[in-house]
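Visitor: Please take a close look at how the helices pack in this model. Start with one pair, then move outward to the pockets and the unusual backbone spots.

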Amino acid sequence: MGDTALVVIDMINTYDHPDAELLRPSVEKALPEIRRLIDAARRSGTEVVYFNDNFGRWRSHHDELINTALEGPHRELVEPVRPDDSSLFVIKARHSIFYQTPLEYLLADLGARHLVLCGQVTEQCVLYSALDAHIRHLEVTVPRDAVAHIHSELADAALEMMERNMGATVCSAGDVGFADAARE
(Lines give C-alpha, C1' and ligand atoms only; values in the text may rest on other atoms or scores of the structure.)
Protein backbone atom coordinates (compact mmCIF):
# COMPACT_ATOMS: atom_id res chain seq x y z
CA MET A 1 0.00 0.00 0.00
CA GLY A 2 1.17 3.50 -0.78
CA ASP A 3 0.70 6.77 1.00
CA THR A 4 -1.69 8.07 -1.70
CA ALA A 5 -5.35 7.32 -2.34
CA LEU A 6 -7.45 8.43 -5.30
CA VAL A 7 -10.80 9.70 -4.04
CA VAL A 8 -13.69 9.75 -6.54
CA ILE A 9 -16.44 12.02 -5.25
CA ASP A 10 -20.14 11.70 -6.14
CA MET A 11 -19.69 10.27 -9.63
CA ILE A 12 -22.41 7.66 -9.11
CA ASN A 13 -25.26 9.99 -9.89
CA THR A 14 -28.67 9.86 -11.57
CA TYR A 15 -28.42 13.57 -12.50
CA ASP A 16 -31.99 14.00 -11.35
CA HIS A 17 -31.59 17.09 -9.20
CA PRO A 18 -32.13 20.86 -9.62
CA ASP A 19 -28.58 21.71 -10.77
CA ALA A 20 -28.13 18.72 -13.08
CA GLU A 21 -28.60 20.69 -16.30
CA LEU A 22 -25.77 23.02 -15.31
CA LEU A 23 -23.56 20.19 -14.01
CA ARG A 24 -23.75 17.64 -16.82
CA PRO A 25 -21.71 19.54 -19.45
CA SER A 26 -18.87 19.93 -16.97
CA VAL A 27 -19.07 16.24 -16.03
CA GLU A 28 -18.91 15.29 -19.71
CA LYS A 29 -15.75 17.39 -20.08
CA ALA A 30 -14.07 16.01 -16.92
CA LEU A 31 -15.06 12.38 -17.46
CA PRO A 32 -12.09 11.32 -19.67
CA GLU A 33 -9.58 12.71 -17.15
CA ILE A 34 -11.37 11.12 -14.21
CA ARG A 35 -11.30 7.81 -16.10
CA ARG A 36 -7.58 8.26 -16.82
CA LEU A 37 -6.85 8.86 -13.14
CA ILE A 38 -8.84 5.80 -12.09
CA ASP A 39 -7.03 3.62 -14.63
CA ALA A 40 -3.60 4.96 -13.63
CA ALA A 41 -4.32 4.45 -9.92
CA ARG A 42 -5.54 0.89 -10.49
CA ARG A 43 -2.49 0.03 -12.63
CA SER A 44 -0.14 1.32 -9.92
CA GLY A 45 -1.94 -0.44 -7.09
CA THR A 46 -3.05 2.85 -5.54
CA GLU A 47 -6.30 2.55 -3.60
CA VAL A 48 -9.35 3.98 -5.36
CA VAL A 49 -11.99 5.08 -2.88
CA TYR A 50 -15.43 6.20 -4.02
CA PHE A 51 -17.39 8.53 -1.78
CA ASN A 52 -20.98 9.05 -2.76
CA ASP A 53 -24.15 10.67 -1.56
CA ASN A 54 -26.95 8.22 -0.91
CA PHE A 55 -29.67 10.52 -2.32
CA GLY A 56 -31.75 10.12 0.84
CA ARG A 57 -31.98 6.33 0.43
CA TRP A 58 -30.93 5.40 3.93
CA ARG A 59 -31.57 1.70 3.36
CA SER A 60 -29.47 1.59 0.23
CA HIS A 61 -26.09 0.04 -0.36
CA HIS A 62 -23.50 0.73 -3.02
CA ASP A 63 -24.77 -1.86 -5.52
CA GLU A 64 -28.23 -0.33 -5.35
CA LEU A 65 -26.88 3.19 -5.88
CA ILE A 66 -24.73 2.07 -8.81
CA ASN A 67 -27.57 0.11 -10.44
CA THR A 68 -30.01 3.00 -10.02
CA ALA A 69 -27.53 5.41 -11.66
CA LEU A 70 -26.78 2.95 -14.48
CA GLU A 71 -30.48 2.44 -15.14
CA GLY A 72 -31.07 6.20 -15.31
CA PRO A 73 -31.08 8.43 -18.37
CA HIS A 74 -27.38 9.39 -18.02
CA ARG A 75 -25.71 5.99 -17.89
CA GLU A 76 -22.95 7.31 -20.17
CA LEU A 77 -21.76 9.57 -17.33
CA VAL A 78 -21.60 6.71 -14.82
CA GLU A 79 -20.45 3.63 -16.74
CA PRO A 80 -16.92 4.89 -17.54
CA VAL A 81 -16.15 5.56 -13.87
CA ARG A 82 -18.05 2.80 -12.12
CA PRO A 83 -16.26 1.09 -9.25
CA ASP A 84 -14.66 -2.27 -9.90
CA ASP A 85 -14.40 -5.12 -7.40
CA SER A 86 -11.15 -3.76 -5.97
CA SER A 87 -12.54 -0.26 -5.31
CA LEU A 88 -13.56 0.85 -1.87
CA PHE A 89 -16.97 2.53 -1.58
CA VAL A 90 -18.18 4.76 1.25
CA ILE A 91 -21.60 6.38 1.55
CA LYS A 92 -21.53 9.97 2.78
CA ALA A 93 -24.39 11.96 4.20
CA ARG A 94 -23.32 15.48 3.33
CA HIS A 95 -20.78 17.45 1.33
CA SER A 96 -17.45 16.47 2.89
CA ILE A 97 -16.02 12.99 2.47
CA PHE A 98 -15.00 13.22 6.15
CA TYR A 99 -18.35 14.23 7.64
CA GLN A 100 -19.66 11.27 9.65
CA THR A 101 -17.79 8.69 7.57
CA PRO A 102 -15.07 6.22 8.58
CA LEU A 103 -12.53 7.96 6.32
CA GLU A 104 -10.02 8.86 9.04
CA TYR A 105 -9.90 5.27 10.21
CA LEU A 106 -9.68 4.01 6.63
CA LEU A 107 -6.79 6.37 5.79
CA ALA A 108 -4.90 5.27 8.89
CA ASP A 109 -5.48 1.63 7.96
CA LEU A 110 -4.23 2.26 4.41
CA GLY A 111 -1.33 4.44 5.55
CA ALA A 112 -2.53 7.17 3.19
CA ARG A 113 -1.44 10.76 3.89
CA HIS A 114 -2.04 12.15 0.39
CA LEU A 115 -5.44 12.39 -1.28
CA VAL A 116 -5.99 13.01 -4.98
CA LEU A 117 -9.54 14.37 -5.23
CA CYS A 118 -11.58 14.08 -8.43
CA GLY A 119 -15.29 14.10 -9.24
CA GLN A 120 -18.03 16.57 -8.47
CA VAL A 121 -18.90 19.29 -7.49
CA THR A 122 -15.77 21.47 -7.42
CA GLU A 123 -17.33 24.36 -5.53
CA GLN A 124 -19.15 22.13 -3.06
CA CYS A 125 -18.12 18.58 -2.13
CA VAL A 126 -14.58 18.79 -3.54
CA LEU A 127 -13.92 22.11 -1.80
CA TYR A 128 -15.31 21.00 1.57
CA SER A 129 -13.44 17.70 1.37
CA ALA A 130 -10.18 19.49 0.57
CA LEU A 131 -10.70 21.79 3.56
CA ASP A 132 -11.41 18.87 5.89
CA ALA A 133 -8.29 17.07 4.60
CA HIS A 134 -6.23 20.23 5.13
CA ILE A 135 -7.28 20.64 8.76
CA ARG A 136 -6.24 17.00 9.28
CA HIS A 137 -2.77 17.78 7.91
CA LEU A 138 -3.21 15.61 4.83
CA GLU A 139 -1.63 16.43 1.50
CA VAL A 140 -4.21 17.17 -1.21
CA THR A 141 -3.99 17.24 -4.97
CA VAL A 142 -6.91 18.42 -7.11
CA PRO A 143 -6.60 17.96 -10.88
CA ARG A 144 -8.57 20.92 -12.24
CA ASP A 145 -9.59 19.01 -15.39
CA ALA A 146 -10.88 16.02 -13.38
CA VAL A 147 -13.43 17.91 -11.29
CA ALA A 148 -16.82 19.08 -12.50
CA HIS A 149 -18.68 22.21 -11.52
CA ILE A 150 -22.12 23.77 -11.56
CA HIS A 151 -20.90 27.37 -11.74
CA SER A 152 -17.55 27.91 -13.44
CA GLU A 153 -16.75 31.18 -11.64
CA LEU A 154 -17.33 29.54 -8.24
CA ALA A 155 -15.27 26.53 -9.30
CA ASP A 156 -12.38 28.79 -10.28
CA ALA A 157 -12.60 30.54 -6.93
CA ALA A 158 -12.81 27.20 -5.10
CA LEU A 159 -9.69 25.90 -6.86
CA GLU A 160 -7.85 29.10 -6.00
CA MET A 161 -8.93 28.81 -2.35
CA MET A 162 -7.77 25.18 -2.22
CA GLU A 163 -4.39 26.16 -3.61
CA ARG A 164 -3.81 29.40 -1.67
CA ASN A 165 -5.57 28.78 1.62
CA MET A 166 -5.21 25.03 1.98
CA GLY A 167 -1.90 24.36 0.30
CA ALA A 168 -3.46 21.94 -2.17
CA THR A 169 -1.63 21.13 -5.36
CA VAL A 170 -3.92 22.18 -8.21
CA CYS A 171 -2.68 20.76 -11.50
CA SER A 172 -3.85 18.92 -14.59
CA ALA A 173 -4.73 15.24 -14.39
CA GLY A 174 -1.83 14.50 -16.71
CA ASP A 175 0.55 15.83 -14.04
CA VAL A 176 -0.68 13.36 -11.42
CA GLY A 177 1.53 10.35 -11.10
CA PHE A 178 0.87 7.32 -8.93
CA ALA A 179 3.92 5.49 -7.68
CA ASP A 180 3.79 1.74 -7.74
CA ALA A 181 2.08 1.15 -4.40
CA ALA A 182 3.54 -2.34 -4.14
CA ARG A 183 7.07 -0.87 -3.96
CA GLU A 184 6.35 1.90 -1.44
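Guide: What follows starts at one helix pair and works outward. Keep in mind that the model is predicted.

Take helix α4, residues 122-135, and helix α5, residues 152-166. Their axes come within 9 Å. The crossing angle is roughly 5°. Angles under 35 degrees count as roughly parallel, and α4 and α5 are therefore roughly parallel to each other.

Which residues of α4 and α5 make the contact? On α4 they are T122, E123, V126, L127, A130, L131 and H134. On α5 they are L154, A155, A158, L159, M162, N165 and M166. By class, the contact of α4 with α5 has ten nonpolar residues, three polar and one charged.

Helix α5 also leads to a pocket. Together with α1, residues 20-44, α5 lines the second largest pocket, and each of the two helices supplies at least two residues. This pocket holds about 210 Å³ of space. Its lining counts 13 residues. Nearest its centre lie S26, R144, D145, V147 and H149. The lining splits into four nonpolar, four polar and five charged residues.

Now the largest pocket. Its volume is about 360 Å³. The lining is made of 18 residues, and D10, N13, H17, D53 and Q124 are the ones nearest the centre. Seven of the lining residues are nonpolar, six are polar and five are charged.

Back to the start of α4. The loop between β4 (114-120) and α4 holds V121. A cis peptide bond joins Q120 and V121, with omega about 0°. Most peptide bonds are trans.

A second backbone spot is Q100. Phi of Q100 is near 55°, which is positive, and the residue is not a glycine. Most residues other than glycine have a negative phi. Q100 sits in the loop between β3 and α3 (103-110).

Strand β3 brings in one more feature. How many aromatic pairs does a search of the whole structure find? The search finds one. The pair is Y50 with F89. Their ring centres are 6.3 Å apart and the planes meet at 15°, so the pair is stacked. The cut-off for stacking is planes under 30 degrees apart. Y50 belongs to strand β2 (residues 47-53) and F89 to strand β3 (residues 88-92), so the pair ties together parts that are 39 residues apart in sequence.

Terms used. Residues numbered from 1 in each chain as written. Predicted model: local features only at pLDDT ≥ 70, side-chain atom pairs only at ≥ 80, totals over all residues. Heavy atoms only, no water. Axes fitted to C-alpha atoms, helices over the stretch in contact; angles between N-to-C directions. Helix = DSSP H or I, 4+ residues; strand = E, 2+ residues; numbered from the N terminus. Parallel < 35°, antiparallel > 145°, perpendicular 65-115°, else oblique. Contact = heavy atoms within 4.5 Å. Nonpolar A, V, L, I, M, F, W, Y, C, P; charged D, E, K, R; others polar. 1 Å grid on protein atoms, 1.4 Å probe; cavity = no way out; pocket = protein on both sides within 12 Å on 5 of 7 lines; lining within 4 Å. Points joined across faces, edges and corners; volume = space filled by probe spheres on them. Phe/Tyr/Trp six-rings, centres within 6.5 Å; stacked < 30°, edge-to-face > 60°.
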